[in-house]
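Subject: Structure handover

Hello,

Here is the structure I said I would pass on. My notes on what was found in it follow below.

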Amino acid sequence: MASFKFHIPITAWEKSEDDNPMRIGGIVSTGSLDRQQERVVQDGLNFSPFLSHGWFNDNHGQKTTDVLGYPTEAFRVTKGDKLPNGKAADKDGWWAAGYLVNTDEGRKVYALARSLSKSPNGRGLGFSIEGKVGSRDKSDNRRITSADVHNVAITHVPVNTDTSMQVLAKALMAGHAVENPGASPGEGFALRSESLD
């Protein structure tokens with residue numbers, strides 16, 4: 001199988017009462033044509049290797065010290081779906097989230113992501129999926145029809161420009177973003193999203 005790399009912007013937010021508040025997430029893949037002129041069929045992606053033993057790494061680095069964090073979830077989204085950060089998905093794709101580790105490099109990347117979220121020109125860090133291509137479309141070799149995702153890189157050179165990076169100063173989360181407060185006292189959810197933007 002051939003290797004592949006695709007880049008998508010990320011989101012960073014804090015989770016209240018958490019030992020490690022450096023939670024990150026975002027759309028890590030879409031089916032759009034990227035700047036490398038390749039397209040990935042989203043239903044052909046398998047994130048199980050990433051969730052089982054994969055990492056968030058520093059710009060595709062291969063050294064042990066290039067590990068920046070670990071995933072906690074990855075799931076398929078379709079255009080218009082409500083994302084855990086409270087926004088609607090612009091495209092069909094995959095959302096992944098996890099934590100950066102509390103190291104010098106992890107803290108630097110998280111601080112950089114938060115600073116770039118205020119960039120007036122919309123620039124930001126991005127995600128890049130890594131793994132093994134299982135198959136390509138026989139009539140169009142640039143169309144990847146199946147692949148296993150092993151790691152997700154955090155990078156400053158995203159190839160896919162479909163989604164913009166969003167950084168949330170603080171969010172309370174119970175699984176995913178919760179919007180329904182319940183109809184009466186004691187009903188609904190203990191936590192729901194809070195944006196300080």
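Of the 197 residues in the chain, 44% are buried. Please keep in mind that this is a predicted model. The chain has two helices and 11 strands. Read from the N terminus, the order of elements is β-β-β-β-β-α-β-β-β-α-β-β-β. Counting contacts between residues at least 6 apart in sequence, 65% join residues that are at least 24 apart.

Strand β3

Strand β3 covers residues 23-30. Eight of its eight residues are buried, so the strand is largely enclosed by the rest of the structure. Its partner here is strand β8, residues 93-100. The two strands run antiparallel and are joined by seven bridges. Within this pairing, I27 stands opposite W95 of β8.

There is also a charge over a ring to note: the charged end of R23 sits over the ring of Y99, at 5.3 Å from the ring centre.

Aromatic residues

Five aromatic pairs are present in the structure. In one of them, F50 and F56, the ring centres are 5.4 Å apart and the planes stand at 85°, and since an angle over 60 degrees counts as edge-to-face, the pair is edge-to-face. F50 and F56 are both buried.

F56 also pairs with F127, and this pair is stacked, with 5.6 Å from centre to centre and 25° between the planes. The F56-F127 pair links distant parts of the chain: F56 belongs to strand β6 (residues 56-58) and F127 to strand β9 (residues 126-137), 71 residues apart. Both of these residues are buried.

Which residues make up the aromatic cluster? F47, F50, F56, W94 and F127 form one cluster.

H60

H60 is located in the loop between β6 and β7, the latter being residues 67-77. Is H60 buried or exposed? Its relative accessibility is 11%, and because the cut-off for buried is under 20%, H60 counts as buried. The H60 side chain makes a polar contact of 2.8 Å with the side chain of S128. It makes another polar contact, at 2.2 Å, with the side chain of E130.

Salt bridges

Side chains of opposite charge can pair when their charged atoms come close. How many salt bridges does a search of the whole structure find? The search finds seven. Three of the bridges are described here.

- D104 and R107: their side chains meet in a salt bridge with an N to O distance of 2.5 Å. Both residues lie in helix α2 (residues 104-116), three residues apart, which is about one turn of the helix. R107 counts as partly exposed, at 37% relative accessibility.
- E105 and K108: the closest N and O atoms of this salt bridge are 3.4 Å apart. These two residues are also in helix α2, and because they are three residues apart, about one helical turn separates them. K108 is exposed, with a relative accessible area of 52%, whereas E105 is partly exposed, with 35%.
- D140 and R142: the side chains meet in a salt bridge of 3.4 Å, N to O. D140 has a relative accessible area of 26% and is partly exposed. R142 is partly exposed as well, at 44% relative accessibility.

Why does K108 count as exposed while E105 is partly exposed? The cut-off for exposed is over 50%, with partly exposed lying between that and the 20% below which a residue is buried. K108, at 52%, therefore counts as exposed, and E105, at 35%, as partly exposed.

D140

D140 is found in strand β10, which spans residues 140-155. Apart from the salt bridge with R142, D140 can be placed relative to E38: the two residues are 102 apart along the chain, and their C-alpha atoms are separated by 9.6 Å.

If you want somewhere to start when you open the model, try F56, which is in strand β6 and pairs with F50 edge-to-face and with F127 in a stacked arrangement. H60, in the loop that follows β6, can be looked at next, together with its side-chain contacts to S128 and E130. After that, helix α2 shows the salt bridge of D104 with R107 and that of E105 with K108.

Regards

Key: Residues are numbered from 1 along each chain as its sequence is written. This is a predicted model: local features need pLDDT of at least 70, side-chain atom pairs count only at pLDDT 80 or more; totals for chains, interfaces and linings use all residues. Side-chain values use heavy atoms; hydrogens and water are left out. Rings of Phe, Tyr and Trp (its six-membered ring) pair if their centres lie within 6.5 Å; planes under 30 degrees apart count as stacked, over 60 as edge-to-face and the rest as tilted. Buried means under 20% relative accessible area, exposed over 50%, partly exposed in between (1.4 Å probe, protein chains only). Helices (H or I, at least four residues) and strands (E, at least two) are DSSP runs, numbered from the N terminus. A charge sits over a ring if NZ of Lys or CZ of Arg is within 6 Å of the ring centre and within 35 degrees of the ring normal. A polar contact is a pair of N or O atoms within 3.5 Å; within protein, one must be able to donate a hydrogen and the other to accept it, and residues adjacent in sequence count only if both atoms are side-chain atoms. A salt bridge is a side-chain nitrogen of Lys or Arg within 4 Å of a carboxyl oxygen of Asp or Glu. Two strands pair if DSSP finds at least two bridges between them. Contact means heavy atoms within 4.5 Å.
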